[in-house]
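Here's a quick walk through a structure you have in front of you. Have a look at it first, then read on.

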Amino acid sequence: MDVEYKYALLRHRPSLYLNETENIAVLVEGPVGERQVIFLVGCTPHPSVSVSEISESIGRSMPEILESLIRDAIRSKKPQDDVLTSLAQSMSWNYSVSEPASVRDSGPISAVAFKLFSQYVAGADQLVENYEEATRRQVRPAETKIRMGDTFLTLLPVPGPELTVRSAGRAAGASD
Amino acid sequence: MPPEHLASICKEWRRQLFTDREWVRTEEKPISPGEAGGYRVASAEFPFSAYLKPLRVCELHEPRAANEKIVADIASDLKLSVPPVLLYRRQNQPSNEEVRCCISLVVYPEHHEWGQIWNLSLFPQSVQLLVRDALSSYSKTFALDLLIGQTDRNNQRNVVLGADAASPPNTEFLFLDHAMSLNYGNRWDNMGWKKVEMVPIPDILKSSLRKDLVLDGADQLADLADAHVQDIVERIPEDYMASAHRAAVIAGLNGRKHLLRQFVEQHLI
């Protein structure tokens with residue numbers, strides 16, 4: 001049976017004076033069993049123009065920054081908003097989150113996230129393979145953060161009754 | 001301080017009241033649509049973009065655009081970290097959106113919401129040092145926040161870190177969102193301006209503030225001539241800010257500037 005998921009894209013625009021924009025992550029909000037979760041798949045940006053050291057650092061730390069911003073969005077969102085809508089309002093400049101859209105799919109949230117990641121993020125297929133290989137070799141406990149090669153994996157429960165943040169993506173320069 | 005190549009534009013925006021350019025929207029997604037909202041705009045043959053706001057129609061006692069212009073002009077005169085602002089009367093806007101808007105110059109090719117760097121431990125030592133050094137120099141801008149009655153800096157979005165890869169020393173924090181300051185909601189009426197309150201700020205700024213610099217900023221604001229403040233406020237057109245409201249803003253600014261030093265002495269460590 002099809003399930004409705006909401007998703008948004010994390011975009012990187014290296015310069016506000018230029019139109020170039022790169023999709024770097026997909027965030028999907030939807031149910032897993034009785035719980036509502038956020039599943040995030042992403043990679044660090046690869047802009048074609050040089051960016052500041054600050055921007056590079058933010059890109060490298062994006063999984064942790066997003067995790068923090070998602071937790072904040074969960075805390076501060078208006079009752080009528082979903083988490084992704086609230087997050088979209090908190091990232092509006094060089095790193096921005098698109099307006100959430102909906103998709104119906106019969107697969108689990110992780111499959112939906114990887115499908116959207118392949119669809120929207122350049123070079124995502126190799127990252128998806130890396131991730132799948134990594135997860136085949138791992139027994140995932142309830143909460144874990146792993147960096148394997150250039151693949152980043154986070155799985156953690158969010159304090160509160162309903163929401164969990166999961167993220168996976170590439171962290172540049174990470175090592176075994 | 002704006003980057004050198006923008007200095008003449010910033011000076012021009014301070015001198016002018018309205019933009020003489022036509023601006024077009026560059027992105028589909030409005031920013032902060034749940035609040036007053038806005039979006040980025042560009043103008044033909046002008047190499048820099050700007051941020052247009054507000055979208056939501058404002059009541060007369062909520063003069064958002066006028067407040068932004070007044071605060072930006074005061075900041076410009078004291079070389080504080082607020083982007084320059086011009087008023088912009090929109091044409092052909094949707095019927096449910098505001099006509100009386102303003103545009104705020106996008107001063108750097110990179111703007112990063114400061115909420116992204118609040119957890120400094122995520123970043124390399126060099127970036128941590130840069131951010132801490134930069135933050136302490138905004139103590140004077142904090143004094144401006146006290147003067148205008150800024151109600152919330154403890155917000156991940158209303159300060160951005162501007163950076164330019166082509167010119168690495170050009171990195172500065174820019175204080176945004178002054179729409180709900182001054183006499184917003186007529187809160188300064190009936191001598192309400194006398195109530196100076198601490199601005200809520202995040203820990204990262206709290207730990208970086210230097211009291212001596214905040215006091216310097218307070219003294220510089222106190223030294224602004226009454227007539228100078230009056231000139232900045234009085235040139236705002238009536239439909240952007242009614243005359244009674246302007247009078248309250250002038251009285252408030254000229255009264256509060258003399259309360260700042262004592263307030264800072266008592267409330268900052």
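What follows covers the domains of one chain, the nonpolar core, a sheet and the contact between two chains.

## Two domains in chain B

Keep in mind that this is a predicted model. Chain B is assigned two domains: domain 1 runs over 4–105 and domain 2 over 110–267. Measure from C-alpha centre to C-alpha centre and domain 1 and domain 2 of chain B sit 18 Å apart.

Where they touch, domain 1 of chain B puts in 25 residues and domain 2 of chain B puts in 28 residues. On the domain 1 side of chain B, the top contributor is helix 2 of chain B, with 11 residues. That side of domain 1 of chain B, facing domain 2 of chain B, splits into 16 nonpolar, 3 polar and 6 charged residues.

## The largest nonpolar core

The largest nonpolar core has 108 residues, and the members that touch the most other members are A:V26, A:L27, A:V28, A:A113 and B:I103. Helix 2 of chain B (residues 64–77) turns up here as well, giving the largest share of this core with 7 residues. Domain 1 (4–105) and domain 2 (110–267) of chain B each supply residues to this core, so it lies between them.

Want to zoom in on one member? Leaving aside residues up to four places away in sequence, A:L27 touches A:Y7, A:A8, A:L10, A:I38, A:L40 and A:L84.

## A three-stranded sheet in chain B

Chain B also has an open sheet of 3 strands, in the order 6-7-8, with antiparallel pairing. Strand 6 (110–113) and strand 8 (171–175) of chain B are at the edges with a single partner strand each, so one side of each has no neighbour in the sheet. On average, and ignoring direction, neighbouring strands of this sheet are turned by 30° against each other.

Strand 7 of chain B (residues 159–163) pairs with strand 8 of chain B in the antiparallel sense, over 5 bridges. If you'd like a spot to find by eye, B:A163 has B:T171, in strand 8 of chain B, as its bridge partner.

## Where chain A meets chain B

How many residues does the contact take from chain A and from chain B? Chain A gives 26 residues and chain B gives 30 residues. On the chain A side, the elements giving two or more residues are helix 1 (53–60), helix 2 (62–76) and helix 3 (83–90) of chain A.

As for chemistry, the side of chain A that touches chain B divides into 9 nonpolar, 12 polar and 5 charged residues.

How values were computed: Residues are numbered from 1 along each chain as its sequence is written. Chains are lettered from A and ligands numbered from 1 in the order in which they are written. This is a predicted model: local features need pLDDT of at least 70, side-chain atom pairs count only at pLDDT 80 or more; totals for chains, interfaces and linings use all residues. A nonpolar core is a set of buried Ala, Val, Leu, Ile, Met, Phe, Trp, Tyr and Cys residues joined through C-beta atoms within 7 Å. A residue is buried if 20 or more other C-beta atoms lie within 10 Å of its own, exposed if 12 or fewer, and partly exposed in between; C-beta atoms are placed from the backbone. Helices (H or I, at least four residues) and strands (E, at least two) are DSSP runs, numbered from the N terminus. Domain bounds come from an automatic or database domain assignment. Two residues are in contact if their C-beta atoms, placed from the backbone, lie within 7 Å. Two strands pair if DSSP finds at least two bridges between them. Axes are lines fitted to C-alpha atoms, for helices over the stretch in contact, and angles run from 0 to 180 degrees between N-to-C directions. Ala, Val, Leu, Ile, Met, Phe, Trp, Tyr, Cys and Pro count as nonpolar, Asp, Glu, Lys and Arg as charged, and the others, Gly among them, as polar.
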